[in-house]
Amino acid sequence: MKDLENVLQDYTRGEKTLEEANRALKELGCGLTLDPARNLFSAKELLETRTGETPDQANGWGIMDHGVGCLEKVRVVDGRTVDVDMGQETAFVYLAGRRYRLRGDVLTEED
């Protein structure tokens with residue numbers, strides 16, 4: 001699990017390209033891939049992405065893992081996802097190298 005997190009954190013920090021992240025995910029054998037049509041960050045999106053001391057200071061673009069085999073690109077404004085509400089389902093958002101637990105549409109610290 002930690003290796004998967006490291007790959008996604010490196011990707012959301014802009015330290016790995018989508019292709020490099022996918023190679024690393026394939027080597028892990030985890031069955032997940034980043035879809036170039038759905039998960040690609042532009043340089044502008046990476047520059048707009050920031051975290052802070054608390055989850056409510058997170059803004060920009062991240063990757064959501066909700067445990068169904070595909071990863072979703074999500075937009076976050078003031079610690080809340082813009083177009084996603086997971087309700088009671090478990091999901092995590094990787095944004096700017098950080099991992100947050102998503103509760104409904106609110107980023108929280110990990111359990």
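Two strands count as paired if DSSP finds at least two bridges between them. The exercises below apply this to a predicted model.

**Exercise 1. Establish which strands S2 pairs with, and describe the turns that link them.**

Begin with strand S3, residues 80-81, which runs antiparallel to S2 and is joined to it by 2 bridges. The cut-off is at least two bridges, and therefore these strands count as a pair. Within S3, Thr-81 is the bridge partner of Val-76. The two strands make a hairpin that leaves 2 residues between them, and in its turn Asp-78 has a positive phi of about 50°.

Next, turn to strand S1, residues 60-65, which is antiparallel to S2, residues 71-77, and is connected to it through 6 bridges. Here Gly-60 stands opposite Val-76 of S2. This hairpin has 5 residues between its strands, and Gly-67, which lies in the turn, has a positive phi of about 75°.

**Exercise 2. Trace the partners of S4, and decide whether its residues are buried or exposed.**

First take the pairing with S1, which is antiparallel and extends over 3 bridges; in this pairing Ile-63 faces Tyr-94 of S4. Then take S5, residues 98-103, which is held to S4 by 5 bridges, again in the antiparallel sense, with Arg-99 of S5 as the bridge partner of Tyr-94. S4 and S5 form a hairpin with 2 residues between them, and Ala-96 in the turn has a positive phi of about 50°.

As for burial, 5 of the 5 residues of S4 are buried. Ala-91, Val-93 and Leu-95 lie on one side, while Phe-92 and Tyr-94 lie on the other, so that both faces of the strand are covered, buried here meaning under 20% relative accessible area.

**Exercise 3. Find which residues have the most contacts inside the largest nonpolar core, and which elements contribute to this core.**

The largest nonpolar core contains 16 residues, and Leu-8, Tyr-11, Leu-34, Ile-63 and Leu-71 are those with the most contacts inside it. Two or more residues come from each of helix H1 (2-12), helix H2 (18-28), S1 and strand S4 (91-95). A second core, separate from this one, has 12 residues, including Val-84, Met-86, Val-93 and Leu-102. As a general tendency, nonpolar side chains in soluble globular proteins are buried together.

To look at one of the core residues in detail, take Leu-71: beyond residues up to four places away in sequence, Leu-71 touches several others, among them Leu-8, Leu-34, Arg-38, Asn-39 and Ile-63.

**Exercise 4. Work out how H1 and H2 are oriented to each other, and what kinds of residues make their contact.**

The axes of H1 and H2 are 10 Å apart, and the helices pack at an angle of about 175°. Angles over 145 degrees count as roughly antiparallel, and the two helices are therefore roughly antiparallel to each other. On the H1 side the contact is made by Asp-3, Leu-4, Val-7 and Tyr-11, and on the H2 side by Leu-18, Ala-21, Ala-24, Leu-25 and Leu-28. Sorted by class, this contact has 8 nonpolar, no polar and 1 charged residues.

**Exercise 5. Decide whether Glu-45 is buried or exposed, and list its contacts.**

Start by locating Glu-45, which belongs to helix H3, residues 43-48. Its relative accessible area is 15%, and because the cut-off for burial is under 20%, Glu-45 is buried. Once neighbours within four places in sequence are set aside, Glu-45 is in contact with Leu-40, Trp-61 and Lys-73.

Definitions and conventions: Residues numbered from 1 in each chain as written. Predicted model: local features only at pLDDT ≥ 70, side-chain atom pairs only at ≥ 80, totals over all residues. Heavy atoms only, no water. Helix = DSSP H or I, 4+ residues; strand = E, 2+ residues; numbered from the N terminus. Core = buried A, V, L, I, M, F, W, Y, C linked by side-chain atoms within 4.5 Å. Buried < 20%, exposed > 50% of the residue type's maximum accessible area, 1.4 Å probe, protein only. Contact = heavy atoms within 4.5 Å. Axes fitted to C-alpha atoms, helices over the stretch in contact; angles between N-to-C directions. Parallel < 35°, antiparallel > 145°, perpendicular 65-115°, else oblique. Nonpolar A, V, L, I, M, F, W, Y, C, P; charged D, E, K, R; others polar.
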